[in-house]
Amino acid sequence: MKTPPGAGSLPRRVHVGYALGSLATGAFGTVPGLLLLPYLTDTLGVAAGLAALLVLLPKAWDVLVNPVAGRISDRTRSRWGARRPYLLVGGLALAVLFASIFAAPFGNGSVAYVAFAFLATATAFAFFQVPYVAMPAELTDDYAERTRMMTWRIAVLALAILVSGAVAPLVVSAGGGGVAGHRWMGLFVAALIALGALGAFFGTRSAPTGAVGGSEPTLRAQLAVAGANRPFRALLICFVVQSAGVATILAGVNYFAAQILRDEQSGPTLLFVCFVGPALLVMPLWTRIGARLGKRTALVVGSLILAVGALALVAAPVLPPVAVYLVVALIGVGYAGQQVFALAMLPDCIAYDTARTSRRQAGVFTGLWTAGETLGLALGPGIYGLVLQLAGYVSSDTGSAAAQSDTARLGVLLGFTLIPALLIAPPVLLLSRYTLTPAALAAATRPGRVDHGVVVGDESR
């Protein structure tokens, strides 16, 4: 029998093994948001508004699928534990289906095919990501250890974003651009996803699985339990809206590089290097900031840095390129903090609920979390595509962007700067309702505690 979590620090190999799963989540979270919208508008010739819907709807489907995936994984019993089977099966299915998105078997007439393939890929992603995100709450009960795990995970996530986001456009170009280049890119990203899934599966084979205890008998009852957790509600809403803002930035990278920086070839790669490189470097600093200020305050600081940086890019048309890239680096610093502390706070919400209800049902919480995150990541390209449509962006089926009017270029700029800032900064006000500190969690989990509804972050209101 594997040992229960919480007895001490996890081995480094478990930290690294678990973090490798972020190669898969980072690649799928980045590349469709970065390349699928311009693939549709500038290679398949789809109007920006329709392209936005084609990107939005399949991922919005995951809002329904993710809680179901969480409930199924909660009830799974296997010699590999409740979660690890999905890392293998869901991860490999995700890799194969991702490559199919950009296969374009019908050439420029593959629009309906792309929508169906993306829907199937999003479903496979749900069955990988939900169990994957649920694992930290069951690997350890230690508050600080969960932060260390998330630090490793976000470092690998940043690396995955860097590799997939910076290299994928280069693979498209090296493959000849257009449909052929995107096919090669699909195979490259599929290999990265498969590597992450296999790394997470084998890397966590010696980790304690913890107990996935009895959960509520119906999905509706489980969702009601999650909804009664006030800190979780506040954190989830904040993260979903902010994810939409981050995804809007990702969706605009190619357009911003081509229309504002006038560098369609190397611009997207340089933007990604400047965005993710600093995130890798400052991760140890964010860990120290979190230890000093607390996770909630550190999340607010990271979010505001991210929003201020995005807003400053409104001046990009009159700034020298080096200044633009420096501001993008500042955005990357904020993004690192925003991601690591939001993800480190989620297991705390799950641990609090376990103490409150005496039931381990992490899959329900992570199902809702990943559903919300997926919705946010889907809304970003949808919002950006809508802005392009309203601004009069002209689509193309040549594999290169068409010439655009000044109004369209303004839409490209505002969709990349002002709109993300407005989506990222205001939600931090919701975090006033997040009250889980180490002391609060210790009080919630002390032996003999009886929950009468008056607890830290009183759920009775």
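A residue counts as buried when its relative accessible area is under 20%. I start there because Tyr255, with a relative accessible area of 2%, falls on the buried side of that cut-off. I will come back to Tyr255. This is a predicted model, and I will take the overall picture before the details.

The protein has 16 helices and 0 strands. Of its 461 residues, 59% count as buried. If we take contacts between residues at least 6 apart in sequence, 84% of them join residues at least 24 apart.

On confidence, the average pLDDT for the protein is 83, and 86% of the residues score at least 70. Helix 15, residues 418-424, has the highest confidence, at a mean of 97, and helix 16, residues 438-445, has the lowest, at 66. Two stretches have a pLDDT below 50. One is residues 1-7, which has 16 contacts in the model beyond near neighbours in sequence. The other is residues 448-461, with 24 such contacts.

Now helix 9, which covers residues 230-259. What span should we expect for its 30 residues? At 1.5 Å a residue the answer is 44 Å, and the C-alpha atoms at its ends are 43 Å apart, so the two figures agree. Helix 9 does bend, by about 45°, at Gly252. Helix 9 is also mostly covered, with 27 of its 30 residues buried.

That brings me back to Tyr255. The structure holds 17 aromatic pairs, and one of them is Tyr255 with Tyr393. The geometry is edge-to-face, with 5.3 Å from centre to centre and 85° between the planes. Where do the two partners sit? Tyr255 is in helix 9, whereas Tyr393 is in the loop between helix 13 (362-391) and helix 14 (406-416). They are 138 residues apart, so the pair links distant parts of the chain. Tyr393 is at 7% relative accessibility and therefore counts as buried, as does Tyr255 at 2%.

A second edge-to-face pair is Phe272 with Phe275, at 6.4 Å centre to centre and 75° between the planes. Both belong to helix 10, residues 267-293, and because they are 3 residues apart, about one helical turn separates them. An α-helix has 3.6 residues a turn, so residues three or four places apart point the same way. Phe272 is buried, at a relative accessible area of 1%, and Phe275 is buried at 9%.

Elsewhere, six aromatic residues form one cluster: Phe28, Tyr39, Phe98, Phe102, Phe118 and Phe125.

Last, charge. Side chains of opposite charge can pair when their charged atoms come close. How many salt bridges are there in this model? The count comes to 1. The partners are Asp348 and Lys295, and their closest N and O atoms are 2.7 Å apart. Asp348 lies in helix 12, residues 321-357, and Lys295 lies in helix 11, residues 295-312, so the salt bridge ties together parts that are 53 residues apart in sequence. Is this pair buried or exposed? Asp348 has 0% relative accessibility and so counts as buried. Lys295, at 6%, counts as buried too.

Notes:
Residues are numbered from 1 along each chain as its sequence is written. This is a predicted model: local features need pLDDT of at least 70, side-chain atom pairs count only at pLDDT 80 or more; totals for chains, interfaces and linings use all residues. Side-chain values use heavy atoms; hydrogens and water are left out. Helices (H or I, at least four residues) and strands (E, at least two) are DSSP runs, numbered from the N terminus. The expected span of a helix is 1.5 Å times one less than its number of residues. The bend at a residue is the angle between axes fitted to the seven residues ending there and the seven starting there. Buried means under 20% relative accessible area, exposed over 50%, partly exposed in between (1.4 Å probe, protein chains only). A salt bridge is a side-chain nitrogen of Lys or Arg within 4 Å of a carboxyl oxygen of Asp or Glu. pLDDT is the predictor's confidence in each residue, from 0 to 100. Contact means heavy atoms within 4.5 Å. Rings of Phe, Tyr and Trp (its six-membered ring) pair if their centres lie within 6.5 Å; planes under 30 degrees apart count as stacked, over 60 as edge-to-face and the rest as tilted.
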